[in-house]
Structures are given as C-alpha cells and as structure tokens.
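User: I am new to this structure and would appreciate a close look at a single part of it. Please explain how that part is placed and how it relates to the rest of the chain.

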Amino acid sequence: MRIRLVKLSDANQIALIHYKARAKLSQGFFSRVSKTFLVQYYKVILNDPNLMLVWFLIGMLSMVGCRILLRQ
C-alpha cells in the first residue's frame, strides 16, 4: 500500500469516486450533491493551507480510501 498527498489535479478523480460511492452510501448531504459540487468541494480543501488530503493506494491507481487531515 502506498500513501501520498492528493494534488489539485486529483480533484476530478476523487470527486468521481465519491460520486459513484452514492450507490452504497445513500444517506447524508453528500449523497445528494452533484459531481460538479464535489469537484469544487475537493478543490477548496486542496487549496486550504491548513488541511491536507491523503490518498491510500494499492498498486498505481487503485484507491482504497482518503482522509482529510488538519496541518499543525
């Protein structure tokens, strides 16, 4: 498993994964928003100097999960 920081250029891919997860996770606010909203949401997080988004990967492209962390 690899762990790496998410880059701004990853926002569309993460939003798409999050959007497709709605089939299994149908409760809550994020299950009702558009893919465009999710892309903008992740771009805001990735541009915030106080936050970082970490990707957990298996192989080169298979994302297992991601986590938003507060920088200290």
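Analyst: Asn 47 is exposed in this predicted model, because its relative accessible area is 53% and the term applies to values over 50%. Asn 47 belongs to helix α2, which covers residues 35-47. In sequence, Asn 47 and Lys 7 are 40 residues apart, yet the distance between their C-alpha atoms is 9.5 Å.

The residue Leu 46 gives another view of this region. Neighbours within four places in sequence being set aside, Leu 46 is in contact with Val 6, Lys 7, Leu 8, Ala 11 and Leu 53. Lys 7 thus appears again, here as a contact of Leu 46, having been named above for its C-alpha distance of 9.5 Å to Asn 47.

Leu 46 also has a place in the largest nonpolar core, a set of 13 residues. The residues with the most contacts inside this core are Val 6, Ile 14, Ala 15, Tyr 42, Leu 46, Leu 53 and Trp 55. At least two residues of the core are supplied by each of α1 (11-20), α2 and β2 (51-58). The largest share comes from α2, with 5 residues. Helix α2 therefore contributes to the buried core, while Asn 47, which also lies in this helix, is exposed.

The wider setting is as follows. The protein chain contains 2 helices and 3 strands, and their pattern along the sequence is β-α-α-β-β. The radius of gyration is 12 Å, close to the 11 Å that the globule rule gives for 72 residues, so the chain is as compact as a globular protein of that length. The C-alpha trace spans about 30 × 30 × 20 Å along its principal axes. Of the contacts with a separation of 6 or more, 43% are accounted for by residues 24 or more positions apart.

Buried residues make up 24% of the 72 residues in the chain. The chain exposes about 5,300 Å², of which carbon and sulfur atoms supply 59%. One feature of the surface is a nonpolar patch of about 370 Å², made by Met 1, Ile 3 and Ile 58. Met 1 lies in the segment before β1 (2-5), and counts as exposed because its relative accessibility is 70%. Asn 47 is likewise exposed, at 53%.

Methods. Residues numbered from 1 in each chain as written. Predicted model: local features only at pLDDT ≥ 70, side-chain atom pairs only at ≥ 80, totals over all residues. Heavy atoms only, no water. Patch = residues over 30% accessible without salt bridge, like charges linked within 9 Å, V, L, I, M, F, W, Y side chains within 5 Å. Areas by Shrake-Rupley, 256 points an atom, 1.4 Å probe, with all protein chains shown as cover. Salt bridge = Lys/Arg side-chain N within 4 Å of Asp/Glu carboxyl O. Helix = DSSP H or I, 4+ residues; strand = E, 2+ residues; numbered from the N terminus. Buried < 20%, exposed > 50% of the residue type's maximum accessible area, 1.4 Å probe, protein only. Rg over C-alpha atoms; globule rule 2.2 N^0.38 Å. Contact = heavy atoms within 4.5 Å. Core = buried A, V, L, I, M, F, W, Y, C linked by side-chain atoms within 4.5 Å.
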